[in-house]
Amino acid sequence: SRQNASAADPNDAGGPVIMIGRYAGTFKATGKAMQPQVAHIWTISDGKAARFQQLVDTLAVARATGTA
């Protein structure tokens, strides 16, 4: 499948770093396009990534893969 990502709203407010954006791609097996919304939440400690959490619109992905 072909994919890309765009960060619409990175936010560094002194706590966790939050990125809100979208993935875009086409699922090869079904030919269906998708653009699920995503959020990345990074916790930085001593200048390094200490924790990462990703939230994705799984329904949009499931519809593109034919599993919804």
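## Helix α1 and its cover

In this predicted model, the buried residues of helix α1 are covered by elements that include β3 (17-27) and β4 (32-34). The helix spans residues 58-65, and its buried positions include Ala 60, Ala 62 and Ala 64.

Both ends of the helix carry a local feature. At the start of α1, the backbone nitrogen of Leu 59 has a side-chain oxygen of Asp 57 within 3.2 Å. After α1 comes Gly 66, which has a positive phi near 85°.

## Overall arrangement

The chain contains six strands and one helix. In sequence order these elements give the pattern β-β-β-β-β-β-α, with α1 at residues 58-65.

Of the 68 residues, 18% count as buried. The accessible surface of the chain amounts to about 4900 Å², and carbon and sulfur atoms contribute 51% of that area. Among contacts with a separation of 6 or more, 24% are between residues 24 or more positions apart.

## Strand pairing around β5

Strand β5 (residues 37-45) runs antiparallel to strand β6 (residues 48-56), and eight bridges join the two. Strand β5 also pairs with β3, again in the antiparallel sense, over six bridges. One position in the pairing of β3 and β5 can be named: Gln 37 in β5 stands opposite Arg 22.

Two bridge partners can be named between β5 and β6. Ala 39 has Leu 55 as its partner in β6, and Trp 42 has Phe 52.

## Ala 39

Ala 39 belongs to strand β5. Is this residue buried or exposed? Its relative accessibility is 16%, and Ala 39 therefore counts as buried, the limit being under 20%.

Leaving aside residues up to four places away in sequence, Ala 39 touches Met 19, Ile 20, Gln 53, Gln 54 and Leu 55. Among these, Leu 55 is also the bridge partner of Ala 39 in β6. Gln 53 lies 14 residues from Ala 39 along the chain, and their C-alpha atoms are separated by 8.2 Å.

## Trp 42 and the nonpolar patch

Trp 42 is likewise placed in strand β5. Trp 42 counts as partly exposed because its relative accessibility is 32%, which falls between the limits of 20% and 50%.

On the surface, Trp 42 forms a nonpolar patch with Ile 44 and Phe 52. Together the three residues have about 280 Å² of accessible area. Two members of this patch, Trp 42 and Phe 52, are bridge partners across β5 and β6.

In a regular strand, side chains alternate between the two faces of the sheet.

## The hairpin turn at Asp 46

The hairpin of β5 and β6 has two residues between its strands. Asp 46 lies in this loop. What is notable about the phi of Asp 46? The angle is near 55°, a positive value in a residue other than glycine.

Asp 46 is exposed, because its relative accessible area of 79% is over the limit of 50%. The hairpin thus brings together three described sites: the buried Ala 39 in β5, the partly exposed Trp 42 and the exposed Asp 46 in the loop.

Terms used: Residues numbered from 1 in each chain as written. Predicted model: local features only at pLDDT ≥ 70, side-chain atom pairs only at ≥ 80, totals over all residues. Heavy atoms only, no water. Pairing = 2+ DSSP bridges. Helix = DSSP H or I, 4+ residues; strand = E, 2+ residues; numbered from the N terminus. Patch = residues over 30% accessible without salt bridge, like charges linked within 9 Å, V, L, I, M, F, W, Y side chains within 5 Å. Areas by Shrake-Rupley, 256 points an atom, 1.4 Å probe, with all protein chains shown as cover. Salt bridge = Lys/Arg side-chain N within 4 Å of Asp/Glu carboxyl O. Buried < 20%, exposed > 50% of the residue type's maximum accessible area, 1.4 Å probe, protein only. Contact = heavy atoms within 4.5 Å. Polar contact = N/O pair within 3.5 Å; in protein donor to acceptor, adjacent residues only side chain to side chain.
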